[in-house]
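Subject: A structure for you to explore

Hi,

I promised to send you something to look at, and here it is. Open it in your viewer, turn it around for a while, and then read on for what turned up.

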Amino acid sequence: MNYLAIDTSGKNLTVIICKDGQKLVLHDAECGVNHSVELMPKLEQLAISVGFDFSRADFFACVVGAGSFTGIRIGVATVKAMCFAFNKPCLSITSFDTLAYNEKGKVLAVIDAKHNGFYVCGYDNGKVIFEPSYIMREQLERISEDYLLVAIDGIDGFKVKVVSVAQGLINAIENKLDCVSSDIETLSPLYVRKSQAEEGR
């Protein structure tokens, strides 16, 4: 199996190349808001280092959110362009998948949206049982007792298991291969809530 996967949905930047089943991971945990500058050089560097032929990829995958509005748009636009250029199918992975697929059982993937707000999605052995939502701290406190909370960082006041989004992305891809689609329009940003600019209108 050959694929390229990218995650620009948060402060991290992850690029994964799978060539003939062997995976190489580039993970920058503190890319911040520099995805537009860092993504393509690092992607190219990784591809050259392993001799990855984009035209031989089985598909291209992208994390579509929730997360940074700008980062998500950069990732989706990049992967869509690759799918179009090389006539390849795509695979859409959520940020929640990259957290939840690290663990079995009932897990709640939690992304800190700041200002006491959180993006969450609940899973039971990989199946979504609590749809992606934006909730406040008080509601998270109420529902957290029913789940193992997983996140990329610790969250003050909550018992959270910190997991690897890079490994979670690999796990999610392997579990969602039946979702690979030739329709690149299925690769669209997951916006759980409006941006601050939109909410201020």
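Let's begin with contacts along the chain: among those in the protein with a separation of 6 or more, 59% join residues that lie 24 or more positions apart. Please keep in mind that this is a predicted model.

The overall picture comes next. The protein has six helices and ten strands. Its C-alpha trace spans about 50 × 40 × 30 Å along the principal axes. The radius of gyration is 16 Å, which agrees with the value near 17 Å for a compact globule of 201 residues. Of those 201 residues, 48% are buried. The accessible surface comes to about 10,000 Å², and carbon and sulfur atoms account for 49% of that surface.

Now for the inside. Which residues touch the most other members of the largest nonpolar core? They are Tyr-3, Phe-96, Tyr-123 and Ile-173, in a core of 29 residues. At least two residues of this core come from each of β1, β2, β4, β5, α3, β6, β7 and α5. The element that gives the most is α5, with five residues. There is also a second, separate core of 25 residues, and Ile-6, Cys-31, Leu-39 and Val-79 are included in it.

Phe-96 is a good residue to click on. Apart from neighbours within four places in sequence, its contacts include Ala-66, Ile-111, Tyr-119, Tyr-123, Pro-132 and Leu-190.

Helix α5 deserves a visit of its own. It covers residues 165–175, and eight of its eleven residues are buried. Among them are Val-165, Gly-168, Leu-169, Ala-172 and Ile-173. The cover over the buried residues of α5 includes strands β1, β2, β3, β4 and β5, together with helix α3. As you look along the helix, here is a handy rule: an α-helix has 3.6 residues a turn, so residues three or four places apart point the same way. At the start of α5, a side-chain oxygen of Ser-164 comes within 3.4 Å of the backbone nitrogen of Ala-166.

Is Asn-171, in the same helix, buried or exposed? Asn-171 has a relative accessible area of 18%, so it counts as buried, the cut-off being under 20%. A polar atom of the Asn-171 side chain lies 3.1 Å from the backbone oxygen of Tyr-101. Leaving out residues up to four places away in sequence, Asn-171 touches Tyr-101 and Asn-102.

For a contrast, try Lys-104, in the loop between α3 and β6. Lys-104 is exposed, with a relative accessible area of 72%. Its C-alpha atom is 12 Å from that of Leu-149, although the two residues are 45 apart along the chain.

Last, the aromatic rings. How many aromatic pairs does a search of the whole structure find? The search finds nine. One of the pairs is Phe-54 with Phe-60: the centres are 6.5 Å apart and the planes make an angle of 35 degrees, a tilted arrangement. Phe-54 is buried at 17% relative accessibility, and Phe-60 is buried at 0%. Ring pairs also link these two with Phe-52 and Phe-86 into a cluster.

Have fun exploring!

Best wishes

Conventions. Residues numbered from 1 in each chain as written. Predicted model: local features only at pLDDT ≥ 70, side-chain atom pairs only at ≥ 80, totals over all residues. Heavy atoms only, no water. Helix = DSSP H or I, 4+ residues; strand = E, 2+ residues; numbered from the N terminus. Buried < 20%, exposed > 50% of the residue type's maximum accessible area, 1.4 Å probe, protein only. Polar contact = N/O pair within 3.5 Å; in protein donor to acceptor, adjacent residues only side chain to side chain. Contact = heavy atoms within 4.5 Å. Core = buried A, V, L, I, M, F, W, Y, C linked by side-chain atoms within 4.5 Å. Rg over C-alpha atoms; globule rule 2.2 N^0.38 Å. Areas by Shrake-Rupley, 256 points an atom, 1.4 Å probe, with all protein chains shown as cover. Phe/Tyr/Trp six-rings, centres within 6.5 Å; stacked < 30°, edge-to-face > 60°.
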